[in-house]
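Me: I am new to this structure and would like a close look at a single part of it. Please start with one helix and then walk me outwards from there, in plain words.

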Amino acid sequence: MAEIKADTTTHHQHLNVSEPDISDHKPSKPKRVASLDIFRGLTVSLMILVDDAGGEWPVIGHAPWNGCNLADFVMPFFLFIVGMAIALSLKRIPDQLLAVKRVILRTLKLLFWGLLLQGGFSHDPDKLTYGVDMKEIRWCGILQRIALAYLVVALIEIFSRGAQTKNMAPSRFSIFKLYYWHWLVAACVLTIYFAVIYGTYVPDWQFTVLDRERFDYGKSFTVACGLRGKLDPPCNAVGYIDREVLGINHMYPRPAWKRSKACTENSPYAGPFRHDAPSWCHAPFEPEGIVSSISAILSTIIGVHFGHVLIQMKGHPARLKHWIPAGCALLVLGIILHFTHAIPSNKQLYTFSYVCITSGAAALVFSAFYILVDIWGIKYLFLPLEWIGMNAMLVYVMAAEGIFAGFINGWYYEDPHNTLIYWIQKHIFVGVWHSRRVGILLYVLFAEILFWGIVAGILHRLGIYWKL
């Protein structure tokens, strides 16, 4: 189980992440990298925003298939941050066996919470029910993907220590040589991913709709494929392997592709299927599946590299001269691959161009926060984000996963839809602005993100953090 602990010290590390000195002169005690906390808080806030306002504003929701909307940056940002945290935290644990035990324990905690929150046991906040049929439990999810990437990259970090030289030569590229095992694993991951998505034969497949709330419940469909190397929704190898290994009943029943133009005339909004919608529109798809999660390890390896730069390179200019060009190079490479149609950017397949675009964006966003906060000292403007970042697990569970909203909705008057949350949305936000779209957006920004920023700030003052 995760622990909620109080800490009376001023240098509490909420996720067991020890931050190195970020100044040019070494102080007597290590300082936190405030920009990393703020970046983590921004990512959690973005998740709340796109989950709760994305239905009204599809431009910020997940792209139906190819492309990269705001929501598509959230998962890679998390993985990038996890990578940086690995580099910063494991350097403080010289005992290899102890480090492995902590990594495995944290991985198991992430898997537990992932299954509990996204396996189907916890329902939507406005549905006062819980429980899941084990024949339909969803095995994969956000925290499960993070657990896999964390486990793999953390073990590489631990077991490659002996291969690292003690003193780094004063060269811009020497840090790549210092941590060459990470890049060898990255090359292996990329090779395996390409071999699978372009080399796996995808046969025709059938499925039956098992969602009882769907109009097509109980209907059976056949999808014609019989080819290899395709990256379209029905016949890609990522979905095929998930169907074969996980079972189609254990996959996400509401994939973003249901909002595509091929499926609904309301695209990019969700809506009724077209009368001529292809059969695959009715099928489930796992956006955090097996093959795509293997590719997602690359995002964490890039993040751990940025953590290594923070540790090994002394002085702000040296770090930024490495971070900013690397971020720009990744971003440009990903854009070129996408717009030349060599490798389309696709979050659900976690393609290489998607890795490059989102990791490059993560690098540049973090560098911007590093300049603003850790160099220029403009910190108070971002305090709510910093507080959220210091209690990220709490805010993720309570707000992004809707646990707190579900609890509040459980207390209603006469009608289950007559709740405090519904009243606030209708009378304070939607009613005042006479627009559901604007009202819901403002509700998410102020009644959710800002609210949880204040709550996290109070908990920070009390020294209370949710630790994994």
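Reply: **One helix and what lies around it**

Helix H4, residues 142-159, has 18 residues and spans 26 Å from its first C-alpha to its last, close to the 26 Å expected at 1.5 Å a residue. Please keep in mind that this is a predicted model. H4 is largely enclosed by the rest of the structure, because 13 of its 18 residues are buried.

Let's pick one residue in that neighbourhood, Ile146. Leaving aside neighbours within four places in sequence, Ile146 is in contact with Met75, Phe78, Leu79, Val82 and Leu110. Ile146 also belongs to the largest nonpolar core, which has 104 residues, and there Ile146 and Phe366 touch the most other members. The largest share of this core comes from helix H2 (residues 74-90), with 13 residues. Apart from this core lies another one of 29 residues, including Val196, Val202, Trp280 and Leu349.

Before following Trp280, a word on the whole chain. The protein chain has 15 helices and eight strands, and 53% of its 468 residues count as buried. Among its contacts with a separation of 6 or more, 73% are between residues 24 or more positions apart. As for confidence, the chain averages a pLDDT of 86, with 89% of the residues scoring at least 70. Please read the start of the chain with care: pLDDT stays under 50 over residues 1-29, although the model has 78 contacts beyond four places in sequence for them.

Now to Trp280, a member of the second core. Trp280 is one of the residues touched by Ser260, together with Pro64 and Ser267, not counting residues up to four places away in sequence. Ser260 sits in the loop between helix H7 (237-245) and helix H8 (290-312). With a relative accessible area of 12%, Ser260 falls under the 20% limit and is therefore buried. The side chain of Ser260 also reaches the backbone oxygen of Trp257, at 2.7 Å.

There is more to see in this loop. A disulfide joins Cys263 to Cys281, with the sulfurs 2.0 Å apart. The link of Cys263 and Cys281 is left-handed, with -85° about the S-S bond. This pair links distant parts of the chain, 18 residues apart, with both Cys263 and Cys281 in the loop between H7 and H8. Both cysteines are buried.

Ser267, the partner of Ser260 mentioned above, brings another detail: the peptide bond from Ser267 to Pro268 is cis, with omega near 10°. Pro268 lies in the loop between H7 and H8. For context, most peptide bonds are trans.

His275 also has its place in the loop between H7 and H8. With a relative accessible area of 78%, His275 is over the 50% limit and so counts as exposed. The C-alpha atoms of His275 and Glu265 are separated by 9.7 Å, and the two residues are 10 apart along the chain.

Where is the other disulfide? A search of the whole structure finds two, and this one joins Cys225 to Cys235, with an S to S distance of 2.1 Å. The torsion about the S-S bond of Cys225 and Cys235 is about -90°, so this disulfide is left-handed. The pair links distant parts of the chain, 10 residues apart: Cys225 is in the loop between strand E4 (220-223) and strand E5 (227-228), and Cys235 is in the loop between E5 and H7. Cys225 is buried at 13% relative accessible area, and Cys235 is buried at 4%. Counting bonded cysteines along the chain, the disulfides follow the pattern 1-2, 3-4.

One last stop is the loop between helix H9 (316-339) and helix H10 (352-375), which holds His341. Phi of His341 is near 65°, a positive value in a residue other than glycine. Tyr350, also placed in the loop between H9 and H10, has a positive phi of about 50° although it is not a glycine. In general, most residues other than glycine have a negative phi. His341 counts as exposed, at 67% relative accessibility, whereas Tyr350 counts as buried, at 0%.

Definitions and conventions. Residues numbered from 1 in each chain as written. Predicted model: local features only at pLDDT ≥ 70, side-chain atom pairs only at ≥ 80, totals over all residues. Heavy atoms only, no water. Helix = DSSP H or I, 4+ residues; strand = E, 2+ residues; numbered from the N terminus. Buried < 20%, exposed > 50% of the residue type's maximum accessible area, 1.4 Å probe, protein only. Polar contact = N/O pair within 3.5 Å; in protein donor to acceptor, adjacent residues only side chain to side chain. Contact = heavy atoms within 4.5 Å. Disulfide = S-S within 2.5 Å. Expected span 1.5 Å × (residues − 1). pLDDT = per-residue confidence, 0-100. Core = buried A, V, L, I, M, F, W, Y, C linked by side-chain atoms within 4.5 Å.
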